[in-house]
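Please open the model in your viewer and keep the sequence panel beside it. This tour suggests what to select at each stop and says what is there.

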Amino acid sequence: MSSIFNKLNTILNPKKEVEKGQGLIIFKNVKEAISAERILKNFSVKVVAPPQEIREGCDLAVEYDLVEEMGIKRELEKNNLNAVKFVSLDDTSMEPLNLVKVKEIEGFTLVRSGNMKITIDKNGKIVNVSGGGCPDVPYLNLKLKGKNILDVAEEDTPKNLGYTLCAYTLNKAFEKAKTIALEGTR
């Protein structure tokens, strides 16, 4: 019976082809994954959700180009940051999940990253911030709601106001929403 469901799942949710030459760095906690992104800013990296099969307790991983692996390992070691493991995606059928998703709804743009969501209107005004269960979410909502995303000062961005995974993922959504608003002004 389960094979029927597996076949149906394969048909309804086909796997995208993983780009060749990519890998994931797995960390034991979210703080380390976020620190790695900051430390590795000069490399071709992005934070993603690792496939369930290779998670090690952390809901985030860093995707990178395999050709940069030696330099990345050196940089992490220099900054005393230890990865649990490096996984090549060339050898697997696993696919990391993109953290940021965009949806247009009746003149509004909802940008979701993880469990956090930010909604802007067609002029870039932030009409809602929601999601997550972290204690700083209500504060972030109060500080951002009603402002035009293009006018939010750097010190008032979610990454500078909050201290949790919710603030981190909201900042990813904020950055994408700001890019969308900028494109709308051109």
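How many helices and how many strands does the secondary structure of the protein chain come to? The chain has 6 helices and 8 strands, where helices (H or I, at least four residues) and strands (E, at least two) are DSSP runs numbered from the N terminus. The model is predicted, so local features need pLDDT of at least 70 and side-chain atom pairs count only at pLDDT 80 or more, while totals for chains, interfaces and linings use all residues. Residues are numbered from 1 along each chain as its sequence is written, and side-chain values use heavy atoms, with hydrogens and water left out.

**The whole chain**

Colour the chain by secondary structure and follow it along the sequence, where the pattern reads α-β-α-β-β-α-β-β-β-β-β-α-α-α. Then turn on the surface: the protein chain exposes about 11,300 Å², of which carbon and sulfur atoms supply 51%, with accessible areas taken from the Shrake-Rupley method with a 1.4 Å probe and, for residues, only the protein chains shown counting as cover. Of its 186 residues, 39% count as buried; buried means under 20% relative accessible area, exposed means over 50%, and partly exposed lies in between (1.4 Å probe, protein chains only). Where contact means heavy atoms within 4.5 Å, 59% of the contacts between residues at least 6 apart in sequence join residues at least 24 apart.

**Strand β1 and its partners**

Select residues 22–26, which form strand β1, and notice that 5 of its 5 residues are buried. In a regular strand the side chains alternate between the two faces of the sheet. In β1, Q22, L24 and I26 lie on one side and G23 and I25 on the other, and both faces are covered.

Add strand β3 (residues 61–65) to the selection, since β1 and β3 run antiparallel and are joined by 5 bridges; two strands pair if DSSP finds at least two bridges between them. Within this pairing, I26 stands opposite A61. Now add strand β4, residues 85–88, which pairs with β1 in the antiparallel sense over 4 bridges, and look for G23, which stands opposite S88.

**Helix α6**

Move next to helix α6, residues 165–184. This helix has 20 residues and reaches 29 Å from its first C-alpha to its last, close to the 28 Å expected at 1.5 Å a residue, the expected span being 1.5 Å times one less than the number of residues. Its buried residues include Y168, L170, F174 and I180.

Within α6, select K178, which is partly exposed, with a relative accessible area of 26%. Leaving aside residues up to four places away in sequence, K178 touches I149, L150 and V152. K178 and G124 are 54 residues apart in sequence, yet their C-alpha atoms are 7.6 Å apart in space.

**The disulfide**

Show the cysteine side chains and find the 1 disulfide that the structure holds, a disulfide being a pair of cysteine sulfur atoms within 2.5 Å. It joins C134 to C166, with 2.2 Å from S to S. C134 sits in the loop between β8 (126–131) and α4 (137–144), whereas C166 belongs to helix α6, so that the pair links distant parts of the chain, 32 residues apart. The link of C134 and C166 is right-handed, with 70° about the S-S bond, and both C134 and C166 are buried.

**Charged pairs**

Side chains of opposite charge can pair when their charged atoms come close. A salt bridge is a side-chain nitrogen of Lys or Arg within 4 Å of a carboxyl oxygen of Asp or Glu, and by this rule the count comes to 6.

Which side chain meets that of K172 in a salt bridge? The partner is E37, at 2.4 Å from N to O. Because K172 lies in helix α6 and E37 in helix α2 (residues 30–39), the pair ties together parts that are 135 residues apart in sequence. K172 and E37 are both buried.

Go back to strand β3 and select E63, which forms a salt bridge with K46, the closest N and O atoms being 3.9 Å apart. K46 lies in strand β2 (residues 45–48), 17 residues from E63 in sequence. Is each partner buried or partly exposed? E63 counts as buried, at 11% relative accessibility, whereas K46 counts as partly exposed, at 42%.

For the last stop, select E154 and K159, whose side chains meet in a salt bridge of 3.2 Å, N to O. E154 is partly exposed, with a relative accessible area of 47%, and K159 is partly exposed at 46%.
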